[in-house]
Amino acid sequence: MLSILKNRTYRHLFAAQLIAVMGTGLATIALALLAYDLAGDRAGLVLGTALTIKMLSYVTIAPIASALAEGLPRRAWLVSLDVIRAAVALALPFVDQIWQIYVLIFLLQASSAAFTPAFQASIPDVLPDEEDYTNALSLSRLAYDLESLLSPALAAALLTVMAFGTMFFGTALGFIASALLVLSITLPSPKPTRRRGIYDRTTRGVRLYLKTPRLRGLLGLSMVASATGAMVIVNTVVLVRGELGLNENMVAWALASFGAGSMLAALTLPRVLSLASDRRIMSAGALISLAALALLAVQVQLAGLSLAGLLVAWLGIGIGYSTILTPSGRLLRRSAQAEDRPAIFAAQFTLSHGCWLVTYPLSGWLLSQYGTGPALWGLTALGLAGLLYALRQWPAQEPSTDPGDPSAASRN
């Protein structure tokens with residue numbers, strides 16, 4: 001897997017991603033402390049609103065940004081967005097009003113919504129070999145998992161020697177380092193074969209996406225990932241602190257169990273994907289996640305929630321979550337020509353975050369209104385509906401061409 005780092009262009013891109021992700025992780029923790037400093041007991045409401053702003057910006061901005069960036073030099077576009085993100089991070093320590101948090105978070109996440117799909121679409125151009133690209137996807141997944149494990153520990157260490165506001169400067173430095181790394185390489189910038197209007201460019205990615213059976217299947221599997229993942233992300237602290245009555249360290253251990261499962265899957269997927277089809281492996285990942293959620297629901301009903309049961313379930317969900325998401329780039333890559341990849345990646349970014357926009361509030365509402373068991377069963381049912389939709393839309397034997405295939409994309 002690490003052999004792909006011999007490619008200088010990819011090595012710089014991966015380093016840029018890793019540094020920026022770690023900086024964002026630190027900013028997330030610092031933002032929570034800033035919200036508490038400004039809002040006190042209302043900090044949860046502030047963070048919940050900020051999270052909603054994040055999801056809304058992801059859903060709305062990505063396709064617009066992709067349309068605006070069409071034909072622009074990709075390296076200059078990415079560097080510009082990193083500079084904007086660094087400027088926002090530098091402004092956050094000086095915030096003294098809650099509304100200012102909301103404005104800056106929108107600017108930061110809107111820039112990320114423009115940056116991420118363009119960055120992801122660059123990787124298959126840099127690594128045209130499918131095996132190399134699969135390894136790159138696994139490394140990318142590991143980068144996000146490592147951030148979730150290391151950022152809290154790094155933040156705890158930094159807070160012993162500095163105020164939380166200083167961590168925003170670290171985030172800004174991360175974005176600047178990312179910009180310099182991108183600036184140090186040459187990136188392909190495929191040009192469109194013909195000029196299109198702004199509406200056509202904005203909607204093209206979603207239209208190509210929804211015409212492609214395997215990508216409609218990916219959308220269903222994205223709902224599985226968000227339904228099971230939202231239970232972990234939104235409700236872990238409530239289950240561990242409130243229902244089990246355990247301390248904050250156990251919250252970290254529960255989230256680490258989810259991260260460990262995701263990392264385990266990411267490490268093994270390059271080999272597994274060479275042995276079976278993407279559809280079979282990703283569907284198996286969905287079943288693992290749903291089975292873990294359902295078995296925890298059964299345990300809660302029969303014997304009540306236990307820490308051991310929660311850790312095992314979160315481990316299983318992490319394995320399934322990574323098994324669904326890691327290969328998704330392979331599907332996007334083979335479903336569009338190079339010039340359409342940014343639009344296709346932006347469509348996946350928008351539609352998958354649309355799933356999270358549903359499951360984030362739903363998971364919290366179900367737990368607070370009906371309790372742990374019904375919340376687990378409700379999200380399992382939603383995820384199962386997503387899996388059934390995926391299996392129905394994504395044929396087991398795919399046709400040699402479909403509306404999203406490179407050979408057909410030029411005709412749409």
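**Exercise 1. Find the helix that holds S140, and name the side chain that S140 joins by a polar contact.**

Solution. S140 is found in helix α5, residues 130-159. Helices (H or I, at least four residues) and strands (E, at least two) are DSSP runs, numbered from the N terminus. Next, look at the side chain: S140 and Q17 are joined by a polar contact of 2.8 Å. A polar contact is a pair of N or O atoms within 3.5 Å; within protein, one must be able to donate a hydrogen and the other to accept it, and residues adjacent in sequence count only if both atoms are side-chain atoms. Last, leave aside the neighbours within four places in sequence: S140 is then in contact (heavy atoms within 4.5 Å) with F14 and Q17.

The model is predicted: local features need pLDDT of at least 70, side-chain atom pairs count only at pLDDT 80 or more, and totals for chains, interfaces and linings use all residues. Residues are numbered from 1 along each chain as its sequence is written, and side-chain values use heavy atoms, with hydrogens and water left out.

**Exercise 2. Describe the protein as a whole: how many helices and strands are there, and what share of the residues counts as buried?**

Solution. Start with the secondary structure: the protein has 15 helices and zero strands. Then take burial, where buried means under 20% relative accessible area, exposed over 50%, and partly exposed in between (1.4 Å probe, protein chains only). Of the 412 residues, 53% count as buried. The exposed area is about 17,500 Å², and carbon and sulfur atoms supply 66% of it. This area comes from the Shrake-Rupley method with a 1.4 Å probe; for residues, only the protein chains shown count as cover. Finally, consider the contacts with a separation of 6 or more: residues 24 or more positions apart account for 86% of them.

**Exercise 3. State which residues have the most contacts inside the largest nonpolar core.**

Solution. A nonpolar core is a set of buried Ala, Val, Leu, Ile, Met, Phe, Trp, Tyr and Cys residues joined through side-chain atoms within 4.5 Å. The largest such core has 89 residues, and Y10 and W314 have the most contacts inside it. Helix α8 (residues 213-243) gives the most to this core, with twelve residues. A second, separate core has 25 residues, among them A50, A89, V95 and L108.

Now follow W314. Not counting residues up to four places away in sequence, W314 touches M231, V232, T236, L239, A254, S257, F258 and L296. W314 is also one of the buried residues of α11, a list that includes L310, A313, I317 and Y321.

**Exercise 4. Compare the reach of helices α3 and α11 with their expected spans.**

Solution. The expected span of a helix is 1.5 Å times one less than its number of residues. Helix α3 (residues 74-91) has 18 residues and reaches 26 Å from its first C-alpha to its last, close to the expected 26 Å. Helix α11 (residues 307-325) has 19 residues; its reach of 27 Å is close to the expected 27 Å. The buried residues of α3 include R74, W77, L81, R85 and V88.

**Exercise 5. Explain what parts of the chain the salt bridge between R74 and D125 ties together.**

Solution. A salt bridge is a side-chain nitrogen of Lys or Arg within 4 Å of a carboxyl oxygen of Asp or Glu. The structure holds five salt bridges. In one of them, the closest N and O atoms of R74 and D125 are 3.0 Å apart. R74 lies in helix α3 and D125 in helix α4 (residues 98-126), so the pair ties together parts that are 51 residues apart in sequence. Both R74 and D125 are buried; for D125 the relative accessibility is 18%.

**Exercise 6. Which two arginines form salt bridges with D278, and is each of them buried or partly exposed?**

Solution. Take R330 to begin with: its side chain meets that of D278 in a salt bridge of 3.0 Å, N to O. R330 lies in helix α12 (residues 328-333) and D278 in helix α10 (residues 278-303), so the pair ties together parts that are 52 residues apart in sequence. R330 counts as buried at 7% relative accessibility, and D278 is buried at 5%.

Then take R334, whose closest N and O atoms with D278 are 3.0 Å apart. R334 lies in the loop between α12 and α13 (341-370), so this pair ties together parts that are 56 residues apart in sequence. At 23% relative accessibility, R334 counts as partly exposed. Elsewhere, salt bridges that share partners join R74, D125 and R341 into one network.
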